[in-house]
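Thank you all for coming. I would like to walk through one structure this morning, and I will take it slowly for anyone who has not seen it before.

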Amino acid sequence: MARKPPPKVQVIVNSRRGDNTIRPVDVEARPPPAKRRVLRHPEFEQHSKKWFPWLTISFVVANVVMFVVTMYVNDCPKNSGRSCVAKFLGRFSFQPFKQNPLLGPSASALEKMGALDVRKVVHRHQGWRLISCIWLHAGVFHILANMLSLVIIGILLEQEFGFARIGLLYLIAGFGGSLLSALFIRSNISVGASGALFGLLGAMLSELITNWTSYVNKVAALLTLVIIVVINLAVGILPHVDNFAHIGGFLSGFLLGFVLLIRPQFGWVSQGYAPPGYSSNPKFKIYQRILWIISLILLIVG
């Protein structure tokens with residue numbers, strides 16, 4: 001029967017003065033070093049992961065479907081005769097350029113589908129038009145521009161903050177844009193998701209301000225965002241563009257961003273997850289709390 005080889009022995013010399021005793025140690029018997037425990041807090045784990053932007057994609061699909069349905073209801077060949085654009089599309093062909101230069105339906109078709117008409121909102125109590133109008137678009141160029149902006153801005157925000165907050169922000173900002181538009185534009189109908197999109201832009205700006213200490217290149221991020229906002233607001237100077245919806249949506253989203261997109265400051269750990277004796281920073285800075293309270297009051301009062 002083969003003999004079991006003797007265990008490996010490591011010689012350890014104690015370095016303390018006055019005690020240079022040599023002690024043999026069984027290497028195989030030494031327990032493995034314990035793994036270092038890393039303290040993580042769910043709040044920061046949530047911000048470190050990226051949400052899948054399914055809501056933004058759903059919004060894009062819903063807008064496109066509503067445009068197709070509107071073109072079906074429009075039925076240009078039946079209502080406008082031979083002057084339709086892209087006749088090969090049949091009842092989905094577009095209105096003449098003199099009526100709609102954006103390649104889209106007629107004003108009457110948009111009104112049937114729920115365009116914002118102040119007279120019907122006030123006198124016929126059709127308040128639902130304040131929401132339905134943000135899902136309608138005046139033409140191909142209109143919906144392409146808005147959906148491209150929604151994909152860029154919406155996906156970025158939803159990946160960072162999740163579908164619940166961004167969905168709520170989108171709808172409330174769209175309603176705010178429609179409300180301001182209804183106060184100032186009483187003679188024409190209004191459609192488009194521009195108010196909701198400007199709400200997302202406003203929320204991005206307020207998120208940058210309230211979470212200022214979390215950013216590295218603060219000035220560069222602020223200047224880039226301000227330039228984007230100014231360019232989009234300048235588009236409102238063009239004819240047939242409802243800039244009141246842009247301004248109303250932007251202001252609503254700007255205030256909502258302080259309320260919904262606030263983040264704990266770096267170094268904060270909840271007491272339930274902190275080790276004994278750990279001194280954590282306050283969850284929010286004083287200026288974050290002040291902005292949160294002021295914005296909430298303005299939203300409620302406004």
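Let me begin with a small detail: which residues form a disulfide, and how far apart are their sulfur atoms? What you have in front of you is a predicted model, and in this model the partners are Cys76 and Cys84, with their sulfur atoms 2.0 Å apart. The structure holds one disulfide, and the link between Cys76 and Cys84 is left-handed, with -105° about the S-S bond. Is Cys76 buried or exposed? Cys76 is buried, with a relative accessible area of 0%, and Cys84 is buried too, at 8%. Cys133 also counts as buried, because its relative accessible area is 3% and the cut-off for that label is under 20%.

Let me now step back to the whole chain. The secondary structure comes to twelve helices and two strands, and if you follow the protein from the N terminus, the two strands come before the helices. Of the 302 residues, 40% count as buried, while the protein exposes about 18,400 Å², of which carbon and sulfur atoms supply 67%. If we take the contacts between residues at least 6 apart in sequence, 66% of them join residues at least 24 apart.

With that outline in place, we can turn to the interior. The largest nonpolar core has 42 residues, and those with the most contacts inside it are Leu150, Leu157, Leu169, Tyr170, Leu200 and Leu261. Several helices supply at least two residues each to this core, including α2, which spans 54–74, α7, which spans 140–161, and α8, which spans 163–184. Which helix gives the most to this core? That is α9, with nine residues. Apart from this core lies another, of six residues, among them Leu110, Leu136, Ala138 and Val191.

To see the packing at a single position, take Leu150, which touches Thr56, Phe59, Val60, Ile155, Tyr170, Leu197 and Leu200, if we leave aside residues up to four places away in sequence.

I would like to stay with α9 for a moment. This helix has 17 residues and reaches 24 Å from its first C-alpha to its last, close to the 24 Å expected at 1.5 Å a residue. Why can we call α9 largely enclosed by the rest of the structure? We can say so because 16 of its 17 residues are buried.

A different kind of position is Ile247, which lies in helix α11 and counts as partly exposed, at 34% relative accessibility. The C-alpha atoms of Ile247 and Leu180 are separated by 7.9 Å, although these two residues are 67 apart along the chain.

Finally, a word on the database record. An unreviewed UniProt entry lists several stretches as "transmembrane region", among them 51–73, 134–157 and 286–301. We can set two of these beside the model: over residues 134–157 the chain is 75% helix and 0% strand, with the end C-alpha atoms 19 Å apart, whereas over residues 286–301 the chain is 100% helix and 0% strand, with the end C-alpha atoms 23 Å apart. I would treat the annotation with some care, because such entries may be inferred rather than shown by experiment.

Methods: Residues numbered from 1 in each chain as written. Predicted model: local features only at pLDDT ≥ 70, side-chain atom pairs only at ≥ 80, totals over all residues. Heavy atoms only, no water. Core = buried A, V, L, I, M, F, W, Y, C linked by side-chain atoms within 4.5 Å. Buried < 20%, exposed > 50% of the residue type's maximum accessible area, 1.4 Å probe, protein only. Helix = DSSP H or I, 4+ residues; strand = E, 2+ residues; numbered from the N terminus. Contact = heavy atoms within 4.5 Å. Disulfide = S-S within 2.5 Å. Expected span 1.5 Å × (residues − 1). Areas by Shrake-Rupley, 256 points an atom, 1.4 Å probe, with all protein chains shown as cover.
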